[in-house]
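Here is a short briefing to read alongside the model. Take a moment with the fold, then follow the points below.

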Amino acid sequence: MLNQKVSNNSGDRNKIYFLIIVIVALLGTNAYLYFRDKHESERFVSANTEKDRLKLEVEKIEVELDKINIINILLTDKLLEEQKLARIKIAELKLALQKGQFTQGELLNAQKEVKELKEFVKNFSEEIVKLQEENKNLKSERDNLLTSFQVVNEKAKNLAKKNSELTEKVKAASLLKAFNMEVSAYRVKKNGKQVEVNQAGSAKKLIVKFNIAPNTLAKKKYYKIYMRVFDPAGNLVADANNMFDADNQQMQYSEMSILAHKNDSDFYDMAWVNPKEFMKGSYTVILYADGETMSRSSINLK
């Protein structure tokens, strides 16, 4: 009877020990599952947080590139190509970061690419700063050259103006001027002898006598001397085909003669035969050389 009791007690203790072992195992399993789920949850939260951070970094990089485009600066072909590739990479990253799940490898790769993009934008910005500085220097040089050109151009204009004024003065100073100008009327006898007259009815020609003033600036050459004769009514007596330039316009002349100027006070004369009958009154004679007036005089016929 005693043995049976001892045997029953031993069985109960075994059951108790077994239950304790089962409970401990269950507690261990629950603890393992709890810590595992907790770790997975933390890892999932950490992955999502890193993905959000990467999205923000990519957006910042895109904003930096947009800022650079706002700057009014001409990019080189190399920089344009680099910017194009960077934008392609940004688009790919933004698409990849929209995925619901991310493997550890994908996350690490995304981190690497974002890091490379940040480095690119940093170097790209530095290149832009260099370009801006170069453009600034070039603009300064251009402005300096433009200022110098304007100064030189202004000086050239002033010199041209002075040269033109000097040329005009020299031209004016070198013009031939006549003095002691006298106009006489003549009739021609049958034997060819010329007789001076003061009657309009008997006059056939006018002879103009004059001296040319010495002028060292005037060239020693042959000059065309043009004569214009106006009758008492103020009409020019000339052939319509006889034209020359004087006083900045074209004029008709009555007679033309070629004289050799030797820079002395020699005596010269020119004759003009009236194609019409002389009228009573005053005839005016004007001489021209090199397009300017040399002198004028008149004669009164009775």
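Strands E1 and E3 run antiparallel and are joined by seven bridges. This is a predicted model, and E3 is a good place to begin, since seven bridges also join E3 to E8, again in an antiparallel pairing. The points below work outward from that strand to the cores, a few individual residues and the chain as a whole.

**Strand pairing around E3**
- Ile207 of E3 is the bridge partner of Ser184.
- On the E8 side, Ile207 has Ala271 as its bridge partner.
- Another position to look at is Asn211, which stands opposite Phe267 in E8.
- How many of the eight residues of E3 are buried? Seven of them are, which leaves the strand mostly covered.
- E8 has two faces: Tyr268, Met270 and Trp272 form the covered one, while Phe267, Asp269, Ala271 and Val273 form the uncovered one.

**Nonpolar cores**
- The largest nonpolar core has 30 residues, and the members that touch the most others are Leu206, Phe210, Val285, Leu287 and Met294.
- Which elements give two or more residues to this core? They are strand E1 (178-188), strand E3 (205-212), strand E4 (222-230), strand E8 (267-273), strand E9 (281-289) and strand E10 (292-301).
- Another core lies apart from this one, with 16 residues, among them Leu93, Val114, Leu117 and Leu131.
- Leaving out residues up to four places away in sequence, Leu206 touches Val183, Ser184, Ala185, Val229, Met270, Ala271, Trp272, Phe278, Tyr283, Val285 and Ile299.

**Tyr186 in strand E1**
- Tyr186 sits in strand E1.
- Is Tyr186 buried or exposed? Its relative accessible area is 10%, and the cut-off for buried is under 20%, so Tyr186 counts as buried.
- Beyond four places in sequence, the contacts of Tyr186 are Gln194, Val195, Glu196, Val197, Ala203, Lys204, Lys205, Ile207 and Lys209.
- Tyr186 and Asn198 are twelve residues apart along the chain, and their C-alpha atoms are separated by 8.0 Å.

**Two buried loop residues**
- Asn274 belongs to the loop between E8 and E9.
- With a relative accessibility of 9%, Asn274 counts as buried.
- A polar atom of the Asn274 side chain lies 3.0 Å from the backbone nitrogen of Lys276.
- Setting aside residues up to four places away in sequence, Asn274 touches Lys204, Lys205, Val237 and Tyr283.
- Where is Ser254? It lies in the loop between strand E6 (249-252) and strand E7 (255-260).
- Ser254 is also counted as buried, at 10% relative accessibility.
- The side chain of Ser254 places a polar atom 2.6 Å from the backbone oxygen of Val237.
- Aside from neighbours within four places in sequence, Ser254 is in contact with Met227, Arg228, Val229, Leu236, Val237, Ala238 and Trp272.
- Val237 is worth a second look, as it appears among the contacts of Asn274 and among those of Ser254.

**The salt bridge**
- How many salt bridges does a search of the whole structure find? It finds one.
- That salt bridge brings together the side chains of Asp143 and Arg142, at 3.2 Å from N to O.
- Asp143 has a relative accessible area of 28%, which makes it partly exposed.

**The chain as a whole**
- The secondary structure comes to three helices and ten strands.
- In sequence order, the pattern is α-α-α-β-β-β-β-β-β-β-β-β-β.
- The chain has 302 residues, of which 27% are buried.
- About 21,000 Å² of the chain is exposed, and carbon and sulfur atoms supply 55% of that area.
- Among contacts with a separation of 6 or more, 69% are between residues 24 or more positions apart.

Methods:
Residues are numbered from 1 along each chain as its sequence is written. This is a predicted model: local features need pLDDT of at least 70, side-chain atom pairs count only at pLDDT 80 or more; totals for chains, interfaces and linings use all residues. Side-chain values use heavy atoms; hydrogens and water are left out. A salt bridge is a side-chain nitrogen of Lys or Arg within 4 Å of a carboxyl oxygen of Asp or Glu. Buried means under 20% relative accessible area, exposed over 50%, partly exposed in between (1.4 Å probe, protein chains only). Helices (H or I, at least four residues) and strands (E, at least two) are DSSP runs, numbered from the N terminus. A polar contact is a pair of N or O atoms within 3.5 Å; within protein, one must be able to donate a hydrogen and the other to accept it, and residues adjacent in sequence count only if both atoms are side-chain atoms. Contact means heavy atoms within 4.5 Å. Accessible areas come from the Shrake-Rupley method with a 1.4 Å probe; for residues, only the protein chains shown count as cover. A nonpolar core is a set of buried Ala, Val, Leu, Ile, Met, Phe, Trp, Tyr and Cys residues joined through side-chain atoms within 4.5 Å. Two strands pair if DSSP finds at least two bridges between them.
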